[in-house]
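Here is a short, friendly tour of one structure. Please keep the sequence and the 3D view side by side as you read.

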Amino acid sequence: MLRPYREVLARPGALAFSAAGVLARLPMSMVGIAIVLAVPEVYGSYALAGQITAVYVVVHAIAAPLLAHLVDRYGQARVMNPALRVAGLGIFGVIAAIGLEAHPGWIFASAVVAGASIGSVGALVRARWTYVLRDPGAIHTAYSLESALDEFVFIVGPVVATVLSTTVAPTAGLWLPAVAVLVGGWLLLSQRATEPPVVPRAHDAPKGSLLRSGGMIVLTLVFAAVGAIFGATDVATVAFAEEQGSKSSAGFVLAVFACGSMLSGLGYGLRHWVSPLWRRFVIGVLALAAGVSLFFVVTSLPMLAAVMFVTGFTIAPTIVNGNGLVTSFVRRDQLTTGLAWVGTALGVGVSIGSAAAGGAIDNQGSHGGFLVVAGSAAFAVLATLVAIPTLRAGHVDATPGPGPAQATVVPNNAPKP
């Protein structure tokens, strides 16, 4: 059953850079919750913790695509080696400021440094897969694997951060991500054989942001809405668990959600699909929206966990298909930037969804949080359905290979080699 994964991981260097990418991605699931756990313990303010986390996320959202653009122009190691060192120093700065009970301004400053320099490790890893693999079916398998590993990080990271922060020291939840970004980043970027070479930009290539592409605009909006679903679901689940008298169970329920996604990602990558990618993406968004709409009928935590487990099976395939469409809508010299944009949109959506759900929960309880989930899902469906002609009409042929390729425009439903 796992033969497709064994085959892609058997490519020279593939297992090494994928494993390094997992370690380097730990901060994305640990930094936010670690700050939320540490700051109230030391400063006695959840509001301050939320503000610091929001600043970190917003700065990261602005900076990650800019760093990815530099990576496309100058290469992964040249740009991200110094950037990830700065990110590690930024996280250590947060640790030091909280540990010394310094003025909160120092925490904000360190969070800005970390958020501005940590970039998008997932985009770096996926760009490597498009370089070492030529067959679209193999790339589909590799992207499915990476989506499953993303979910693994989100299952393990928050649990580890919580254990460290509550049993060792308030800032202990930040120790591991600080080390992980330095060590994992070094392990990833030191593997030069699998680093995609810089693709020279064609003289007649259009200038300007890749968000001028209708397809990329659609993906960015939909990924932001999907992120809002995730963010609102996290907060609403905590509120629902508290209403049920078992707030501590919220982490388990959310882990079940991520586990369903991880399993579906692994299963999705085992099959080489022949239906058009845009159609699978549309179906995935519709299925995710249908799944979260069932949150309104749950009456107990076990029932919520069961619904989330089933709904989780729609997440990874949708993310895989979305990332696959990125490789279709951007030129080869913009690949890392495109992947970073959708990843950033997802993160921004999480923040927006969390904030909106928090306000709704204050007024209406967990039901208000689930209303935000439903509203985000409705927006994702509307944006996707309206944009079907854009998704279907055509795309930049960015089929990757070991060497540079010129981009040509082909129909989105044309047969693939």
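## A walk through the predicted model

Tryptophan 186 sits in helix α9. This is a predicted model, and this tryptophan makes a good starting point. Tryptophan 186 counts as exposed because its relative accessible area, 54%, is over the 50% cut-off.

Which residues form a nonpolar patch on the surface? Phe92, Val179, Leu182, Val183, Trp186 and Leu187 do, and together they have about 510 Å² of accessible area. Helix α9, which spans residues 172-189, supplies the largest share of the patch, 5 residues.

Let us now turn from the surface to the interior. The largest nonpolar core has 117 residues. Met80, Trp129 and Leu174 are the residues with the most contacts inside this core. Its largest share, 14 residues, comes from α10. In soluble globular proteins, nonpolar side chains tend to be buried together.

What does methionine 80 touch, once neighbours within four places in sequence are left aside? Its contacts are Leu67, Val71, Ser117, Ile118, Gly119, Leu124 and Leu189.

Three loop residues also deserve a look, and the table puts their accessibility side by side.

| Residue | Loop | Relative accessible area | State |
|---|---|---|---|
| Glutamate 101 | between α5 (76-99) and α6 (104-117) | 58% | exposed |
| Glutamate 195 | between α9 and α10 | 11% | buried |
| Glycine 245 | between α10 (214-243) and α11 (250-269) | 68% | exposed |

Why does glutamate 195 count as buried? Its relative accessibility is 11%, and buried means under 20%, so glutamate 195 falls in that class. The side chain of glutamate 195 has polar partners: one of its polar atoms lies 2.9 Å from the backbone nitrogen of glutamine 76, and a polar contact of 2.8 Å joins it to the side chain of arginine 192. Leaving out residues up to four places away in sequence, glutamate 195 touches Gly75, Gln76, Ala77, Arg128 and Tyr131.

Glutamate 101 is worth a pause for its backbone. Most residues other than glycine have a negative phi. Glutamate 101, although not a glycine, has a positive phi of about 55 degrees.

The last stop is glycine 245. How far apart in space are glycine 245 and leucine 301? Their C-alpha atoms are 9.9 Å apart, while the two residues are separated by 56 residues in sequence.

Conventions. Residues are numbered from 1 along each chain as its sequence is written. This is a predicted model: local features need pLDDT of at least 70, side-chain atom pairs count only at pLDDT 80 or more; totals for chains, interfaces and linings use all residues. Side-chain values use heavy atoms; hydrogens and water are left out. Helices (H or I, at least four residues) and strands (E, at least two) are DSSP runs, numbered from the N terminus. Buried means under 20% relative accessible area, exposed over 50%, partly exposed in between (1.4 Å probe, protein chains only). A nonpolar core is a set of buried Ala, Val, Leu, Ile, Met, Phe, Trp, Tyr and Cys residues joined through side-chain atoms within 4.5 Å. Contact means heavy atoms within 4.5 Å. Patches are made of residues with over 30% relative accessible area and no salt bridge: like charges are joined within 9 Å, nonpolar side chains (Val, Leu, Ile, Met, Phe, Trp, Tyr) within 5 Å. Accessible areas come from the Shrake-Rupley method with a 1.4 Å probe; for residues, only the protein chains shown count as cover. A salt bridge is a side-chain nitrogen of Lys or Arg within 4 Å of a carboxyl oxygen of Asp or Glu. A polar contact is a pair of N or O atoms within 3.5 Å; within protein, one must be able to donate a hydrogen and the other to accept it, and residues adjacent in sequence count only if both atoms are side-chain atoms.
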